[in-house]
Structure formats: structure tokens, C-alpha cells
Amino acid sequence: MRTETVTSAQNPKIKELLALQEKSRLRREKRLFVVEGRRELGHCADAGFRIRTLFTCREICPQDEIEDIVRRIVTSSPDKGNDLNIIEIPATLYEKAAYRGSTEGILAEVEYRDRPLDSLELGENPLIAVLESVEKPGNLGAVLRSADAAGADAVIICDPLTDIYNPNLIRASIGAVFSRQVVTASSEDAIRWLKLHDIQILTAQLQDSERYYDTDMRRGTAIVMGTESTGLSDVWRKAADAHIRIPMLGRLDSLNVSVSAAILLYEAVRQRNSR
């Protein structure tokens, strides 16, 4: 564990930190991403991600809270603490480096973790959220938050249009991207995997569908949602075991995908708890 102080915005480590916040291609090339805030970083450490560099601002974050984060990093895997770099920066520099305003004076560079379908660990009658080609990181993050709240086993992001370590996604999920099993895959691979594991596929769509609360979700279930603008592709519609819809009683014909996810996931929770 090494500690140093950096005060210049021209320091290469600060420049890299800023670039990682803004450029998804650099995140992929470096296999690094940035996490801000004690809560999010705590979830990241608890999930066993390798935190390479911890940037702290003592003017904002009390020393005991910095020590708590370091302890959680080391506890998650003792060998990782030996490689940890801690860089102390002043408030003026932190405000430039932080992606958002009040993130409690602590952020970190974290190593990518590959998350293939085969890495998923499932219990009995798993509940899985599947998202196809959802572009907005804020929407993805909100769905992850709902998935965590509902205790979903996993989230599969198919044909992603944003990377799962986008700073906006991490922020919107308040760390659920770490607390849940989140993987990316093509739609075709996800369908094969779900059928191999005997998990029923329920697609959320308006056409040829039945009301969601009339559908049995007590067995292993994947709830599949697409974008508000284009919905789901035909590959998912054809692969589905059932099509479900949320009744729309007003003039609009769709809900935000994160709202739909919360409604449908909690219906599965309701059914499973009312046996």
C-alpha cells in the first residue's frame, strides 16, 4: 500500500482519471473505470473488485471514513491491499476530477471484471431481468437498482449500447451494478442460455400479450424489456414463452423502462411470497 499527495491538474494520474470518466474506449483499452462516493465504492469493494488507485480528499472525507473504505478493500481480498495506491488531493483538484458534485471526497480507479453468462450463479427458481439495446445509462442504472431491491438473481444486458461501467450508470444504480450479478451477451446467446437452464422467457410488449399479473412468475423467469422507442426485436418475441403487458389507462402507450422493470419484478416477488 502506497500513499502520495498530488496537487496539480497536470499530473498524469489526474489526467488519466479525467479521461476514464469521459471516454468509454479508453476504459476498455485500459480495462479501468472510475467509481465515486463511499456507498458505491463500498459495494464495489465488498463485491471483490480490484481497486487499483484510491483518490481521497481529507478536506471533504473524514480520515476515519477513508480508513473504513481501505479496510473494506483489504478485507474483501487481503492480497489486493498490497497493490493499492492512495493519492491524496486537495478540494480544488477533487472538484475538477469528480464526475458529479457531492461525492463525499473519495473516488477510485477500478479494474474491469469480465462477466460472461457462464459466470452466473443461480438459485432455485431464479428471477432475471433482461434488457435489450437500452442506450441511456441512467435508465440501465435505475433498472439495476430495482433489480437489487427486488432481489433478482441477475441482470443480463443484451447487445449493449453503453458500457456497464459508465459513470452515469454506476451513479444511477447507487452501486447495484456491483451488488447484483450483471453480465452482457448477445440476444441469441442469452436466449440459448435461458432455454438451457429451463428459465421461462416473458417479453414485455403491447402486441399479442396478456396482463402481467395473469402470468405465472413463480418458476424460473426472465423478464425481457427493450427500449421505449423501438421495443423488443423479433428474435425475443419469437423466443418468448409468453408476452406480457402493463395496462396503460391513459393516452400514452409506454412507461420508462426502469418503471416497467420495477412493476414486473415486484409482481414476481408478490407471486412468490403469496404461495
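The accessible surface of the protein chain comes to about 13,100 Å², and carbon and sulfur atoms account for 46% of that area. The structure described here is a predicted model, and a few overall values help a newcomer find a footing in it. Of the 275 residues in the protein chain, 50% count as buried. The C-alpha atoms fill a box of roughly 60 × 40 × 35 Å along the principal axes. The radius of gyration is 20 Å, which agrees with the value near 19 Å expected for a compact globule of 275 residues. Contacts across the sequence are plentiful in this sense: of those with a separation of 6 or more, 81% join residues 24 or more positions apart. As for charge, the protein chain carries 37 positive and 41 negative side chains, and the centres of these two sets lie 1 Å apart.

With that outline in place, the secondary structure can be taken up. The protein chain contains twelve helices and twelve strands. Strand E4, residues 85–88, is a convenient place to begin, with a neighbour to consider on either account. Strand E1, residues 2–5, pairs with E4 in the parallel sense over four bridges, and within this pairing Arg2 has Asn85 as its bridge partner. E3 also pairs with E4, again in the parallel sense and over four bridges; here Thr56 stands opposite Glu88. Both faces of E4 are covered as well. Asn85 and Ile87 are buried on one side, while Ile86 and Glu88 are buried on the other.

Helix H3, spanning residues 38–46, offers another view of the interior. Its buried residues are Glu40, Leu41, Gly42, Cys44 and Ala45. The cover over these residues draws on several elements, including strand E2 (32–36), strand E3 (51–56) and strand E5 (106–111). Helices contribute too, among them H4 (63–76), H8 (167–173) and H9 (176–179). E3 thus appears twice in this account, as part of the cover of H3 and as a parallel partner of E4. Just after H3, the backbone at Gly48 takes a positive phi of about 85°.

Further along the chain comes an open sheet. Seven strands make it up, in the order E8-E7-E6-E11-E9-E12-E10, with parallel pairing. At its edges are strand E8 (181–185) and strand E10 (210–211), each of which pairs on one side only. Inside the order, strand E6 (residues 127–132) and strand E7 (residues 154–158) run parallel and are joined by five bridges. One point of reference in this pairing is Ile128, which stands opposite Ala154 in E7.

The loop that follows E6 deserves a brief look. Ser133 sits in the loop between E6 and helix H7 (137–149). Its phi is near 55°, a positive value in a residue other than glycine. Ser133 has a relative accessible area of 22% and is therefore partly exposed, since the buried class ends under 20%. A positive phi also occurs at Ile174, where the angle is about 45° although the residue is not a glycine. Ile174 is placed in the loop between H8 and H9, two helices that help to cover the buried residues of H3.

Helix H11, residues 234–239, holds Trp236. This tryptophan counts as buried because its relative accessibility is 0%. Leaving aside residues up to four places away in sequence, Trp236 touches Val130, Glu132, Cys158, Ser187, Ala190, Ile191, Leu194, Ile201, Thr203 and Val224. The C-alpha atoms of Trp236 and Leu120, by contrast, are separated by 21 Å, with their positions 116 residues apart along the chain.

Ala239 belongs to H11 as well. With a relative accessible area of 11%, Ala239 is buried. Apart from residues up to four places away in sequence, Ala239 touches Ile191, Lys195 and Ile201. Ile191 and Ile201 are therefore contacts of both Trp236 and Ala239, taking contact to mean heavy atoms within 4.5 Å. Finally, Ala239 and Gln200 are 39 residues apart in sequence, and their C-alpha atoms lie 9.7 Å apart in space.

Terms used. Residues numbered from 1 in each chain as written. Predicted model: local features only at pLDDT ≥ 70, side-chain atom pairs only at ≥ 80, totals over all residues. Heavy atoms only, no water. Buried < 20%, exposed > 50% of the residue type's maximum accessible area, 1.4 Å probe, protein only. Rg over C-alpha atoms; globule rule 2.2 N^0.38 Å. Areas by Shrake-Rupley, 256 points an atom, 1.4 Å probe, with all protein chains shown as cover. Lys, Arg positive; Asp, Glu negative; His and termini not counted. Charge placed at Lys NZ, Arg CZ, Asp CG, Glu CD. Pairing = 2+ DSSP bridges.
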